[in-house]
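The following exercises concern a single protein chain. Each task is followed by a solution that proceeds step by step.

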Amino acid sequence: MSRRLMIVILAGMVFAGIFASTILAGTPGKITPERIPLDQIVPSSPTPLTGDKGFCLIQSDSLTQLLWYSVDFEAGDGFVLYMDPAKCGLPDPYPFKITDVHFYIYGWTGENPPVWPVEIQVNIWDLNGGVKCNGPGNLLCSQTFTIPIDSSFDSLSRPMNLKIDSLWCAYNPFFLEIKYTSGTGPPYPRLVMTDITDPPDTCDAWFLWHEDGNYYEWYNTWDAPVPGYPIMRITGYTQQCYPFIYGDANGDGVIDISDVVYLINYLFIHGPAPVPLAAGDANCDAVVDVSDVVYLINYLFVGGPAPCK
Ligand SMILES: [Ca+2]
Ligand SMILES: [Ca+2]
């Protein structure tokens, strides 16, 4: 073999090696979803989630379809779904107050069951650069939940329902993430996905890969056929996430006699509560009672001090 040919072959091998390692570095190990055993699938007939005025449920699935795929979690893995409060069809969707997060987990019994309790972190991300197909950008809100075994089931049943403790307000569409932290597993209970293969590739769903901490778009995560999206829902309200004024009990933006009437109605005639309740706390002593009515009357008609800011 000529020396020139040797150099060409060696250069080719080096180039091929660099090319292969580049491919590997840019691709997560593909995951193969598993089907939940047929005898452990319960036809889903959940109670529809409802609420008061401004209530909004955002979901990636039909409430009535069978639940089918599941997948193993590793600590540090996350499932991410795009959430758009405008899809609720309510006027003025923003600011949107997030109140609850729903999803299904699958906790089997028998051989090598999940270790309980499990720790799940719920994260809200904005869109990287405001573009859905760029994936999650900045972390906006985060809360960690410890979930005991009695929250799960040895067959599929109701969804998990995690209540958000603090005020989470979204001003734009966002990503919802469910993520296992280090916790006590593995194995962890599985996250359940819908029985839809090859869902539309719309950048709606992402996967956080524990090995490199990067987010990958749904179609780059799974072996074909790509499973349906994880069943993750969020509920909230479109009309409860605004700065309130102490003393403005009826929430119309001004403090006047109508707030006195509203408070009396609430306190003594079972009328609606101020939203948020603190708006009725005119004297800022952290309770809403008759002293707030007196305080408001004193302010409005006798020149007493204004409600606190
Ligand atoms: Ca008012
Ligand atoms: Ca008060």
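Helices and strands are here DSSP runs, a helix having at least four residues and a strand at least two, and they are numbered from the N terminus. The model is predicted.

**Exercise 1. Confidence along the chain**

Determine where in the chain confidence is lowest and where it is highest.

Solution. Begin with the chain as a whole: its mean pLDDT is 82, and 83% of its residues reach 70 or more. Next, consider the extremes. Confidence is lowest in helix 1 (residues 3-25), with a mean of 48, and highest in helix 3 (residues 290-301), with a mean of 97. Finally, examine residues 14-26, where the pLDDT is below 50. Beyond near neighbours in sequence, this stretch makes zero contacts in the model.

**Exercise 2. The packing of two helices**

Establish whether helix 2 and helix 3 are roughly parallel or antiparallel to each other, and describe the residues that make their contact.

Solution. Two packed helices are described by the angle between their axes and the distance between the axes. For helix 2 (residues 257-268) and helix 3, the angle is about 165 degrees and the axes are 10 Å apart. Angles over 145 degrees count as roughly antiparallel. Helix 2 and helix 3 are therefore roughly antiparallel to each other. Their crossing is left-handed. On the side of helix 2, the contact is formed by I257, D259, V260, L263, I264 and L267; helix 3 contributes V290, D292, V293, L296, I297 and L300. Sorted by class, this contact has 10 nonpolar and two charged residues, with no polar ones. As a last step, inspect the loop between helix 2 and helix 3, where H270 is found. H270 has a positive phi of about 60 degrees, although it is not a glycine.

**Exercise 3. The sheet of six strands**

Identify which strands stand at the edges of the six-stranded sheet, and find the bridge partner of N123.

Solution. Write down the strand order first: this open sheet reads 8-7-10-4-12-13, with antiparallel pairing. Strand 8 (136-147) and strand 13 (214-217) each have a single partner strand and stand at the edges, so one side of each is left without a neighbour in the sheet. Neighbouring strands are turned by 25 degrees against each other on average, direction ignored. Within the sheet, strand 7 (residues 118-127) and strand 10 (residues 174-180) run antiparallel and are joined by six bridges. The partner of N123 is E177, in strand 10.

**Exercise 4. The sheet of four strands**

Carry out the corresponding analysis for the sheet of four strands.

Solution. The order of this open sheet is 2-14-5-9, and its pairing is antiparallel. Its edges are held by strand 2 (55-59) and strand 9 (160-170); each has a single partner strand, so one side of each lacks a neighbour in the sheet. From one strand to the next, the twist averages 20 degrees. Strand 5 (residues 96-103) is joined to strand 9 by seven bridges, and the two run antiparallel. The bridge partner of F103 in strand 9 is M160.

**Exercise 5. Cis peptide bonds**

Locate P95 and P225, and give the configuration of the peptide bonds that lead to P95 and to P225.

Solution. P95 lies in the loop between strand 4 (78-83) and strand 5. The bond from Y94 to P95 is cis, with omega near -5 degrees. P225 is placed in the loop between strand 13 and strand 14 (232-237). The bond from A224 to P225 is cis, with omega near -5 degrees.

Conventions: Residues are numbered from 1 along each chain as its sequence is written. Chains are lettered from A and ligands numbered from 1 in the order in which they are written. This is a predicted model: local features need pLDDT of at least 70, side-chain atom pairs count only at pLDDT 80 or more; totals for chains, interfaces and linings use all residues. pLDDT is the predictor's confidence in each residue, from 0 to 100. Two residues are in contact if their C-beta atoms, placed from the backbone, lie within 7 Å. Axes are lines fitted to C-alpha atoms, for helices over the stretch in contact, and angles run from 0 to 180 degrees between N-to-C directions. Angles under 35 degrees count as roughly parallel, over 145 as roughly antiparallel, 65 to 115 as roughly perpendicular and the rest as oblique. A crossing is left-handed if the near helix is turned anticlockwise from the far one by less than a right angle, and right-handed if clockwise. Ala, Val, Leu, Ile, Met, Phe, Trp, Tyr, Cys and Pro count as nonpolar, Asp, Glu, Lys and Arg as charged, and the others, Gly among them, as polar. Two strands pair if DSSP finds at least two bridges between them.
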